[in-house]
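Q: Could you take me closely through one part of this structure, beginning with a single residue and what lies around it? I would then like to follow the strands outward from there.

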Amino acid sequence: MNKKNSKKLFIIIGIIILSIFIIIFLKNNYKNLKTGNNMSNKTIKEIEEYILNISSYEAKVSVTVESNKNTNKYVLEQKFNLPNISNQIVLEPANIAGMELIYDGINLTIRNTKLNLNKVYENYSCITENYLCLETFINQYKNSEESKIYEKDNEIILETNYKTNKYIQNAKLYLNKETGNPTKMIINDVNQKDIVYILYNEIKINNLTKNDVLAFKLFDSNTKLY
């Protein structure tokens, strides 16, 4: 075999080896995608079960609250762990940034080091009425006979009614079809007006323990969770 043919043979062998590596790489990445947090091959019912059985989550949300007189906007970081351990801290607006609400299952603590505030409410039972929290929606969805799930405009929507509240009529939780994770929540009043809009900028599900929630730490601002 002359040098010219040898060179061609080495090139062909190199291409074959490279092709094998590419196939293995793509196969492994596809396998990881299928076994990861991918809901594209799940039914609506399976996605519903995924949301209703969340054991913990951490989220960074933008909240817009509409009233008759004005509009208020907030950026919050939230953590939750079953059965009722929660932590919420205000990032914006600046005048109340650092305000933290911590519920350990029995007592509610409100604190803000900037304002030298540290107030404890013992045997506090109203934490389940925090409509800005995902767990409140989930509990209401489970307990309402009128709750439903459906698909619209390439989104999956969970909808429930709040008959026990004279100001809130219903709420809709929108899910990403690929991950099953929440993207936004819209809460309406009795006149079907949007009064609360929650955008889930970042969310990570089923990764926390009770101690993680009570020892609250801020998100890395460069971290994207969904």
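A: Happy to. Leaving aside residues up to four places away in sequence, Ser56 touches Phe80, Asn81, Lys204, Ile205, Asn206, Asn207 and Leu208 (contact means heavy atoms within 4.5 Å). This is a predicted model, in which local features need pLDDT of at least 70 and side-chain atom pairs pLDDT 80 or more, while totals for chains, interfaces and linings use all residues. Residues are numbered from 1 along each chain as its sequence is written, and side-chain values use heavy atoms, without hydrogens or water.

Ser56 belongs to strand β1 (strands are DSSP runs of E of at least two residues, numbered from the N terminus). Ser56 counts as buried because its relative accessibility is 0% (buried is under 20% relative accessible area, exposed over 50%, partly exposed in between, with a 1.4 Å probe and protein chains only). From that position, the side chain of Ser56 reaches the backbone nitrogen of Asn207 at 3.1 Å. Asn207 is thus also among the residues that Ser56 touches.

Next, the partner strand. β1 and β2 run antiparallel and are joined by 11 bridges (two strands pair if DSSP finds at least two bridges between them). One of the opposed pairs is Val65 and Asn72, the latter in β2. The loop between β1 (56-66) and β2 (71-81) holds Asn70. With a relative accessible area of 39%, Asn70 is partly exposed. Its side chain makes polar contacts with two others: the side chain of Ser67 at 2.9 Å and the side chain of Asn72 at 3.4 Å (a polar contact is a pair of N or O atoms within 3.5 Å, one able to donate a hydrogen and the other to accept it, with residues adjacent in sequence counting only if both are side-chain atoms). So Asn72 both stands opposite Val65 and meets the side chain of Asn70.

Now let's step back to the sheet that holds these strands. It is an open sheet of 11 strands with antiparallel pairing, in the order β6-β5-β4-β3-β2-β1-β11-β10-β9-β8-β7. The edge strands, each pairing on one side only, are β6 (117-121) and β7 (148-152).

Let's walk from β3 toward the β6 edge. Strand β3 (residues 85-92) pairs with strand β4 (residues 100-103) in the antiparallel sense over 4 bridges, and Ile102 in β4 is the bridge partner of Asn87. β4 in turn pairs with strand β5 (residues 108-112), again antiparallel, over 4 bridges. Here Ile102 has Thr109 as its bridge partner in β5, while Leu101 stands opposite Ile110 in β5. Ile102 therefore links to Asn87 and to Thr109. The hairpin of β4 and β5 has 4 residues between the strands, and Gly105 there takes a positive phi near 105 degrees.

β5 is mostly covered, with 4 of its 5 residues buried. β5 also pairs with β6, in the antiparallel sense over 5 bridges. Lys119 in β6 is the bridge partner of Ile110, the residue that stands opposite Leu101. β5 and β6 form a hairpin with 4 residues between them, and Asn116 in the turn has a positive phi of about 55 degrees. That brings us to β6, one of the edge strands.
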